Amino acid sequence: KVIKEQVPVTELLAGLAEECNELAHAALKLRRVLDGGNPTPVTVDDALENLYEEIADVNLYCDMISYPESYVKRIMMDKQVRWEERLREQKVRT
């Protein structure tokens, strides 16, 4: 609560954007580690730890910007249903 009171929403949004970028990089790094196609000295455990850290950072910023959680959850559920439908359609075509 102290953060929301002392940090302007514009700065929280900028921080969220930066953390989302770092999360994207962490996800891609983990993919590289798992694929093994582009060697990296990072272990799977290290890459997972970094991914989890970035997820935590993004979640913290999301909490700070006070979004309508139930509305976002409904959007997520709708998107999951559409994703599953596309996967079923793909399976039928193959």
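Helices here are DSSP runs of H or I at least four residues long, numbered from the N terminus. With that in hand, the predicted model can be walked through by way of helix 4 and its salt bridges, then helix 2, then helix 3.

Helix 4 covers residues 69-93, and both Lys73 and Glu69 sit in it, four residues apart, or about one turn of the helix. Their side chains meet in a salt bridge, with 3.9 Å from N to O. That pair only just makes the list, because a salt bridge calls for a side-chain nitrogen of Lys or Arg within 4 Å of a carboxyl oxygen of Asp or Glu. As for solvent, Lys73 counts as partly exposed because its relative accessibility is 45%. Glu69 is partly exposed too, with a relative accessible area of 45%.

Helix 4 holds another such pair, Arg93 and Glu89, again four residues apart and so separated by about one helical turn. Here the side chains come together in a salt bridge at 3.6 Å, N to O. Arg93 is exposed, at 64% relative accessible area, while Glu89, at 43%, is partly exposed.

Over in helix 2, Arg31 pairs up with Asp35 in a salt bridge whose closest N and O atoms are 3.4 Å apart. The two are four residues apart in helix 2, so about one helical turn lies between them. Both partners, Arg31 and Asp35, are exposed. Altogether, the count comes to three salt bridges. As a general matter, side chains of opposite charge can pair when their charged atoms come close.

Helix 3 is a story about burial. It runs over residues 44-64, and its 21 residues, at 1.5 Å a residue, should span 30 Å; the C-alpha atoms at its ends are indeed 30 Å apart, so expectation and model agree. Its buried residues are Ala47, Leu51, Glu54, Val58, Cys62 and Met64. Looking down the axis of helix 3, these buried residues fall within an arc of 165°, so they line one face of the helix. Note that a glutamate, Glu54, is in the buried set. The other side of helix 3 carries Asp45 and Glu49, which are exposed.

What sits over the buried residues of helix 3? The cover includes helix 1 (2-6) and helix 2 (9-35). Helix 2 thus turns up twice, once as part of that cover and once as the home of the Arg31 and Asp35 pair. Just past helix 3 comes Ser66, with a positive phi near 55°.

Conventions:
Residues are numbered from 1 along each chain as its sequence is written. This is a predicted model: local features need pLDDT of at least 70, side-chain atom pairs count only at pLDDT 80 or more; totals for chains, interfaces and linings use all residues. Side-chain values use heavy atoms; hydrogens and water are left out. The expected span of a helix is 1.5 Å times one less than its number of residues. Buried means under 20% relative accessible area, exposed over 50%, partly exposed in between (1.4 Å probe, protein chains only). The arc is that of the directions from the helix axis to the C-beta atoms. Contact means heavy atoms within 4.5 Å.
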